[in-house]
Amino acid sequence: MSSTDAIYNAIRDQWIIDHPGVDPDDDPDFLRAVRTAEGQDPETGIPLDE
């Protein structure tokens, strides 16, 4: 498993616990949280280190 997959899975697992009844794949806040954790711009997904 890549580190990106591990980050996504960890955030998704916690998101499901913290937001019962909300599908993380349909929640823009979840997407922004994953992008930020992976070092990307939360709105565009462009890597911040480039």
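Trainee: What makes D29 and R32 a salt bridge?

Mentor: The cut-off is a side-chain nitrogen of Lys or Arg within 4 Å of a carboxyl oxygen of Asp or Glu. For D29 and R32 the N to O value is 2.6 Å, so the pair fits that definition. Keep in mind that this is a predicted model, where local features need pLDDT of at least 70, side-chain atom pairs count only at pLDDT 80 or more, and totals for chains, interfaces and linings use all residues. Residues are numbered from 1 along each chain as its sequence is written, and side-chain values use heavy atoms, with hydrogens and water left out.

Trainee: Why is R32 called partly exposed?

Mentor: Buried means under 20% relative accessible area, exposed over 50%, and partly exposed in between (1.4 Å probe, protein chains only). R32 comes out at 28%, so partly exposed is the right label.

Trainee: And what makes E43 exposed?

Mentor: Its relative accessible area is 52%, and the label exposed applies over 50%.

Trainee: How do you know that E43 forms a salt bridge with R32?

Mentor: Their closest N and O atoms are 3.8 Å apart, so they also pass the within 4 Å test. E43 lies in the segment after α2 and R32 in helix α2, so the pair ties together parts that are 11 residues apart in sequence. Helices here are DSSP runs (H or I, at least four residues), numbered from the N terminus. Through shared partners, D29, R32 and E43 are joined into one network.

Trainee: How many salt bridges does the structure hold?

Mentor: Three. One of them joins R12 and D25, with the closest N and O atoms 3.2 Å apart.

Conventions. Helix = DSSP H or I, 4+ residues; strand = E, 2+ residues; numbered from the N terminus.
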